[in-house]
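Reader: I want to learn to read a structure feature by feature. Please give me the general idea, then the case at hand.

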Amino acid sequence: MDALGATQRRGFGQTLRRDLWWVQPVVVFLGLSAFVVYATWAALQGDHYRFGPYLSPFYSPELFGDPLHAWLGAKPSWYPGWLIFSPAIFILWAPGGFRLTCYYYRGAYYKAFWADPPSCSVGEPRQRYRGERSFPLILQNVHRYFLYLALVFLVILAHDAWDAMWFDGKFGIGVGTLVLTTNVILLGGYTLGCHSLRHLVGGFMDRLSRSPVRRQAYACVSCLNAAHMKWAWMSLFWVAFSDLYVRLCAMGVWKDWRIL
Ligand code: FES
């Protein structure tokens with residue numbers, strides 16, 4: 001009997017494992033649920049997303065919104081009147097899609113949200129394995145296209161971090177500057193360690209040794225990729241915290257301390 005056959009015969013949750021295998025899916029379930037609830041709430045507020053030179057990453061780039069800052073001006077006339085307006089609605093599908101289709105997150109939320117399987121070598125609640133070769137999960141293959149968008153977002157957020165160093169035209173550093181800069185660094189570690197990027201920069205080649213530049217790029221991406229899960233969680237937590245920081249400063253709840 002092969003290993004797969006043995007797994008298929010187990011009932012839901014049955015396993016020979018003696019470790020606390022259920023802890024990780026429970027933590028993933030709670031962590032991702034908390035993020036989705038907060039991110040959805042924050043994205044629908046449409047307010048308190050800017051404080052001085054700081055812009056919440058949930059609202060960047062601001063395509064439509066504040067006429068003074070938005071790239072394309074105020075709320076467009078074609079926007080449906082019955083729909084809540086928030087600048088975040090126009091953009092969050094891109095980083096959201098990037099995370100949703102990430103190879104790491106897929107493995108994590110398949111286990112945590114629909115127990116497919118709950119963990120390695122643990123019985124699952126269904127008999128048939130269809131994998132990602134049929135609809136709808138075959139759509140996960142769009143990940144490489146979300147990567148292109150994520151790289152653009154990274155540049156924009158890096159520019160936001162630069163903007164966060166200028167207070168009324170004068171250079172300075174506040175706690176918010178550090179928060180937004182850390183956000184770019186963590187998102188950079190996550191995005192630049194993407195499995196699709198690893199393939200793109202050199203993984204597709206048969207003989208990487210013939211291209212020194214690609215070999216170096218592949219080594220860099222592989223280095224980040226080795227800790228992809230850690231980058232994924234740190235950047236997820238920090239992007240939400242960055243929004244919270246800007247939001248609470250804009251609401252007058254927190255004071256932004258100036259360091260320089
Ligand atoms: S695989 Fe995780 S971001 Fe691409």
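**Reading the features**

Author: Tyr190 lies in helix 6. Helices are DSSP runs of H or I with at least four residues, strands are runs of E with at least two, and both are numbered from the N terminus. The model is predicted, so local features need pLDDT of at least 70 and side-chain atom pairs pLDDT 80 or more, while totals for chains, interfaces and linings use all residues. Residues are numbered from 1 along each chain as its sequence is written, and side-chain values use heavy atoms, without hydrogens or water.

Reader: Is Tyr190 buried or exposed?

Author: Start with the cut-offs. Buried means under 20% relative accessible area, exposed over 50%, and partly exposed in between (1.4 Å probe, protein chains only). Tyr190 has a relative accessible area of 1%, so it is buried. Its C-alpha atom is separated by 4.8 Å from that of Trp231, 41 residues apart along the chain.

Reader: What else can I read in helix 6?

Author: Take Leu180, in the stretch 175-191 that makes up helix 6. Leu180 is buried, because its relative accessible area is 4%. The C-alpha atoms of Leu180 and Pro57 are separated by 8.0 Å, although their positions lie 123 residues apart along the chain.

Reader: How many helices and strands does the protein chain have?

Author: The count is nine helices and four strands. Along the sequence, the pattern reads α-α-β-β-α-α-α-β-β-α-α-α-α. The C-alpha trace spans about 70 × 50 × 40 Å along its principal axes. The chain has 260 residues, and 42% of them count as buried.

Reader: At what angle do helix 7 and helix 8 pack?

Author: Axes are lines fitted to C-alpha atoms, for helices over the stretch in contact, and angles run from 0 to 180 degrees between N-to-C directions. Helix 7 (residues 195-203) and helix 8 (residues 212-225) pack at about 165°, with axes 8 Å apart. So helix 7 is roughly antiparallel to helix 8. That label needs an angle over 145 degrees; under 35 is roughly parallel, 65 to 115 roughly perpendicular and the rest oblique.

Reader: Which residues form the nonpolar patch?

Author: A patch takes residues with over 30% relative accessible area and no salt bridge; nonpolar side chains (Val, Leu, Ile, Met, Phe, Trp, Tyr) are joined within 5 Å, like charges within 9 Å. Here the members are Leu20, Trp22, Val23, Val26, Val27, Phe29, Leu30, Phe113 and Trp114. Together they have about 840 Å² of accessible area on the surface, by the Shrake-Rupley method with a 1.4 Å probe, where only the protein chains shown count as cover.

Reader: Which helix gives the most to the nonpolar patch?

Author: Helix 2 does, with five residues. Helix 2 (23-45) and helix 4 (103-114) each supply at least two. Val26 is placed in helix 2. Its relative accessible area is 39%, so Val26 counts as partly exposed.

Reader: How many salt bridges does the structure hold?

Author: Side chains of opposite charge can pair when their charged atoms come close. The criterion is a side-chain nitrogen of Lys or Arg within 4 Å of a carboxyl oxygen of Asp or Glu. The structure holds five. One of them joins Arg17 and Asp19 at 2.7 Å, N to O. Arg17 is partly exposed, at 29%, and Asp19 is partly exposed too, at 41%.

Reader: Where do Arg106 and Glu132 sit?

Author: Arg106 forms a salt bridge with Glu132, with the closest N and O atoms 2.9 Å apart. The pair links distant parts of the chain, 26 residues apart: Arg106 is in helix 4, Glu132 in the loop between helix 4 and helix 5 (143-163). Arg106 is buried, with a relative accessible area of 3%. Glu132 is partly exposed, at 27%.

Reader: And where do Arg247 and Asp243 lie?

Author: Both lie in helix 9 (residues 228-250), four residues apart, about one turn of the helix. Their side chains meet in a salt bridge at 3.0 Å, N to O. Arg247 and Asp243 are both buried.

Reader: Which backbone values should I check?

Author: Look at omega and phi. The peptide bond from Asp116 to Pro117 is cis, with omega near -5°. The bond from Phe135 to Pro136 is cis as well, with omega near 5°. Pro117 is in the loop between helix 4 and helix 5, and Pro136 lies in that loop too. So does Ala115. Ala115 has phi near 50°, a positive value in a residue other than glycine. Ala115 is buried, at 12%.

Reader: Is Asp168 buried or exposed?

Author: Asp168 is exposed, with a relative accessible area of 81%. Its phi is also near 50°, again positive in a residue other than glycine. Asp168 is in the loop between strand 3 (166-167) and strand 4 (170-171).
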